[in-house]
Amino acid sequence: LEFRRVLFRSATTDEEFDRLARDIFAFQYERCAVYRAYCERRKQTPQSVTHWKEIPATPTSAFKDFPLTCFPVEQSVAEFHTSGTTRELSGKHFLATLELYHAAIGPNFAAHLLDENAEINGRDARSTLPMMILMPSPEEAPHSSLSHMMSVVVKEFGADDSAYYVEGGQLLVEKLVRDLCEAQWSHEPVFLLGTAFAFVHLFDHCAKEKLMFELADGSRAMETGGFKGRSRELSKADLYAMFERVLGIPPTRVVNEYGMTELSTQFYDATVRVGQRTDGKAVPPWARVLVIDPNTGREATGNERGLIRIFDLANLWSMMCVQTEDLGIARVSESGLMEFEVLGRAAGAEARGCSL
């Protein structure tokens with residue numbers, strides 16, 4: 001109940017977050033034997049930890065080796081898997097309930113991708129845009145946290161004619177092109193959501209077929225993952241230029257999403273929210289992000305780059321504090337709020353997820 005109250009606030013004080021985070025740390029320390037043994041080896045326990053920044057972080061690699069749960073794993077209602085290339089085992093995130101997971105998706109998605117109280121062609125822009133999803137459906141990819149997230153946002157915000165465009169691991173590019181043509185002819189704004197690589201595939205197809213679209217005002221896109229295609233590298237700036245050149249969607253209407261299988265919360269560029277292009281990702285009230293100096297294990301100072309560490313209160317039944325292998329920097333936004341920017345994977349880290 002307290003988490004739900006936090007969902008609808010614009011911010012939490014450090015004191016509020018500290019109390020909730022340390023309560024969850026004590027709960028997870030008590031319920032998860034693997035995590036408790038890890039904390040005891042580090043001599044960090046609920047009795048010795050005095051601030052949320054001191055809570056031991058679980059490396060993402062540990063999700064490949066142990067079922068990190070605070071409940072009997074056979075009682076899971078959902079099981080999400082990571083993708084990787086170098087190890088046989090995938091990381092697994094087991095959920096005891098979908099209530100917190102779903103509660104964290106909607107408000108954050110709406111705040112960064114939908115226009116508050118805006119109308120497009122006389123319709124509410126928050127709930128009726130057709131969503132064209134360049135990902136597999138949750139029925140086709142039942143262990144994909146991203147596909148599951150898409151099913152939640154489609155149900156809550158998408159129009160009835162929203163559709164998925166990946167089947168059998170292949171982008172249904174001909175069907176997608178036909179539907180884009182129909183949207184252009186009807187002056188129907190659309191919402192495209194997909195991995196960066198799927199969009200590269202679409203843009204390469206359009207270049208080959210000499211296709212260009214002018215989608216209606218109000219159209220927008222969410223892309224997720226890294227910016228390396230399987231056949232060539234593509235910078236974020238180049239990718240966003242293609243959104244405008246090929247689809248007619250300006251960079252101020254394209255938002256990058258950063259999420260992980262091991263988390264319940266997603267993070268988004270604040271571009272639509274602030275009305276200008278930015279790579280800074282806002283942090284919702286129920287989360288915190290630190291950038292850690294890999295040489296010292298302590299919080300990086302100033303604008304120094306380091307490893308991104310995430311504290312996610314929605315991860316009540318798994319691991320609240322997760323240490324990623326992603327590089328980033330933290331800074332204060334123009335509005336005075338903390339934000340972070342993702343710079344890529346650490347040297348030697350395994351490529352994973354959408355960046356594949």
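**Aromatic contacts, cores and a buried lysine**

Tyr 258 and Phe 340 are both buried. These residues belong to a predicted model. Their ring pair is one of 18 aromatic pairs that a search of the whole structure finds. An aromatic pair is described by the distance of the ring centres and the angle of the planes. For Tyr 258 and Phe 340, the centres are 6.0 Å apart and the planes stand at 75 degrees, so the pair is edge-to-face. Tyr 258 is in strand 11 (residues 254-258) and Phe 340 is in strand 17 (residues 338-345), so the pair ties together parts 82 residues apart in sequence.

The chain has 356 residues, of which 52% count as buried. Its secondary structure comes to 10 helices and 17 strands. Contacts that span long stretches of sequence are also present. Of the contacts between residues at least 6 apart in sequence, 64% join residues at least 24 apart.

Lys 281 lies in strand 13 (residues 281-282). The relative accessibility of Lys 281 is 2%, so this residue counts as buried. Its side chain makes a polar contact of 2.6 Å with the side chain of Asp 269. A polar contact of 2.8 Å joins the side chain of Lys 281 to that of Asn 256. With neighbours within four places in sequence left aside, Lys 281 also contacts both members of the edge-to-face pair, Tyr 258 and Phe 340. Other contacts of Lys 281 include Lys 236, Glu 257, Phe 267, Tyr 268, Glu 339 and Val 342.

Phe 267 is likewise in contact with Tyr 258 and Phe 340, again leaving aside neighbours within four places in sequence. Its further contacts include Asn 256, Ala 282, Val 283, Pro 284, Val 289 and Ile 310. In soluble globular proteins, nonpolar side chains tend to be buried together. Here, the largest nonpolar core holds 38 residues. Phe 267 is among the residues with the most contacts inside this core, along with Ile 55, Phe 311 and Leu 313. At least two residues of the core come from each of helix 2, helix 3 (33-41), helix 4 (62-65), strand 14 (287-292), strand 15 (306-312) and strand 16 (321-332). Helix 2 gives the most, with 7 residues. A second core is separate and has 33 residues, including Tyr 165, Leu 171, Val 190 and Tyr 240.

Helix 2 covers residues 14-31. At 1.5 Å a residue, its 18 residues should span 26 Å, and the end C-alpha atoms are 25 Å apart, which agrees. Its buried residues are Phe 17, Asp 18, Leu 20, Ala 21, Ile 24, Phe 25, Phe 27, Gln 28 and Tyr 29. Asp 18 and Gln 28 are thus listed alongside Phe and Leu side chains. Phe 25 and Tyr 29 form one aromatic cluster with Tyr 35 and Tyr 38. Phe 17 has a charged partner. The charged end of Arg 288 sits over the ring of Phe 17, 4.3 Å from the ring centre.

Val 332 presents another setting. Val 332 is in strand 16. The relative accessibility of Val 332 is 51%, so this residue counts as exposed. Apart from residues up to four places away in sequence, Val 332 touches Leu 337 and Met 338. The C-alpha atoms of Val 332 and Gly 280 are separated by 9.4 Å, with the two residues 52 residues apart along the chain.

Technical notes: Residues are numbered from 1 along each chain as its sequence is written. This is a predicted model: local features need pLDDT of at least 70, side-chain atom pairs count only at pLDDT 80 or more; totals for chains, interfaces and linings use all residues. Side-chain values use heavy atoms; hydrogens and water are left out. Helices (H or I, at least four residues) and strands (E, at least two) are DSSP runs, numbered from the N terminus. The expected span of a helix is 1.5 Å times one less than its number of residues. Buried means under 20% relative accessible area, exposed over 50%, partly exposed in between (1.4 Å probe, protein chains only). A polar contact is a pair of N or O atoms within 3.5 Å; within protein, one must be able to donate a hydrogen and the other to accept it, and residues adjacent in sequence count only if both atoms are side-chain atoms. Contact means heavy atoms within 4.5 Å. A nonpolar core is a set of buried Ala, Val, Leu, Ile, Met, Phe, Trp, Tyr and Cys residues joined through side-chain atoms within 4.5 Å. Rings of Phe, Tyr and Trp (its six-membered ring) pair if their centres lie within 6.5 Å; planes under 30 degrees apart count as stacked, over 60 as edge-to-face and the rest as tilted. A charge sits over a ring if NZ of Lys or CZ of Arg is within 6 Å of the ring centre and within 35 degrees of the ring normal.
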